[in-house]
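The following report describes a protein together with DNA. The sequence and structure are shown first.

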Amino acid sequence: MAYWLMKSEPDEFGIDDLALKKCERWDGVRNYQARNFMREMQEGDFIFMYHSSCKTVGISGVMTVARAGYPDPSAEDPSSAYFDKKQPSENRWTAVDVAFEERFAKVLTLEKIKQLAVNDPRLSDLMLLSRSRLSVMPISHEQWQCLMEHV
DNA sequence: GCCAACGTTGGC
DNA sequence: GCCAACGTTGGC
């Protein structure tokens, strides 16, 4: 059992959208490190959904991995915004399916997480705070518990 | 909308 | 294989 965090822009697809749809493909990731983490995901793993580039930035809820990594169909689809123009034939990219688990009553904001990290050594190596542009990252069990205590 | 951070591309 | 140019992410 592993824990992860994935970023999404809620104007595109947020926790409310997932709550309605229950299950959705998570595609369009075009960064190697993020992709490699997605390839490690196992069915049943827990994922924080993180809302970025929006009014209230932070963790908005919990998802689970419904289907482990598989070739991302959007990379081969010329009509997709995520079409891989360089190498459409050798699908380099990975998608997973995610299932809705929980929507937090209040977003656990980035601001709050930064505050918590000042005093709680469990959060000292949270990748969210050190790797600003990484959109998929692992979360340790300790970090997960610590963050859940403040939801 | 600005801009810092940083990943990717491509010339050499 | 270096590194400058370029493009994208994401907080503010």
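**DNA strand B**

In this predicted model, a side-chain N or O atom of Arg131 lies 3.0 Å from a phosphate oxygen of DNA strand B, a polar contact (a pair of N or O atoms within 3.5 Å; within protein, one must be able to donate a hydrogen and the other to accept it, and residues adjacent in sequence count only if both atoms are side-chain atoms). Around strand B are Asn31, Tyr32, Lys86, Ser130, Arg131 and Arg133, a residue being near when one of its heavy atoms lies within 4 Å. Sugar or phosphate supplies 60% of the strand B atoms within 4 Å of the protein, and bases supply the rest.

**DNA strand C**

The surroundings of DNA strand C include Lys7, Ser53, Lys114 and Arg133. Of the strand C atoms that come within 4 Å of the protein, 75% belong to sugar and phosphate.

Phosphate oxygens of strand C lie 2.8 Å from a polar side-chain atom of Lys114, 3.2 Å from a polar backbone atom of Ser53 and 3.4 Å from a side-chain N or O atom of Lys7.

**Helix α2**

Asn31 also caps the N-terminal end of α2, with a side-chain oxygen 3.0 Å from the backbone nitrogen of Gln33. Helices are DSSP runs of H or I with at least four residues, strands runs of E with at least two, numbered from the N terminus.

Within α2 (residues 32–40), Ala34, Arg35, Phe37 and Met38 are buried, that is, under 20% relative accessible area (1.4 Å probe, protein chains only). They lie on the same side of α2 because they cover an arc of only 160° around the axis, taken from the directions from the helix axis to the C-beta atoms.

**Basis of the values**

Residues are numbered from 1 along each chain as its sequence is written, and chains are lettered from A and ligands numbered from 1 in the order written. Local features need pLDDT of at least 70 and side-chain atom pairs 80 or more, while totals for chains, interfaces and linings use all residues; side-chain values use heavy atoms, without hydrogens and water.

Technical notes: Buried < 20%, exposed > 50% of the residue type's maximum accessible area, 1.4 Å probe, protein only.
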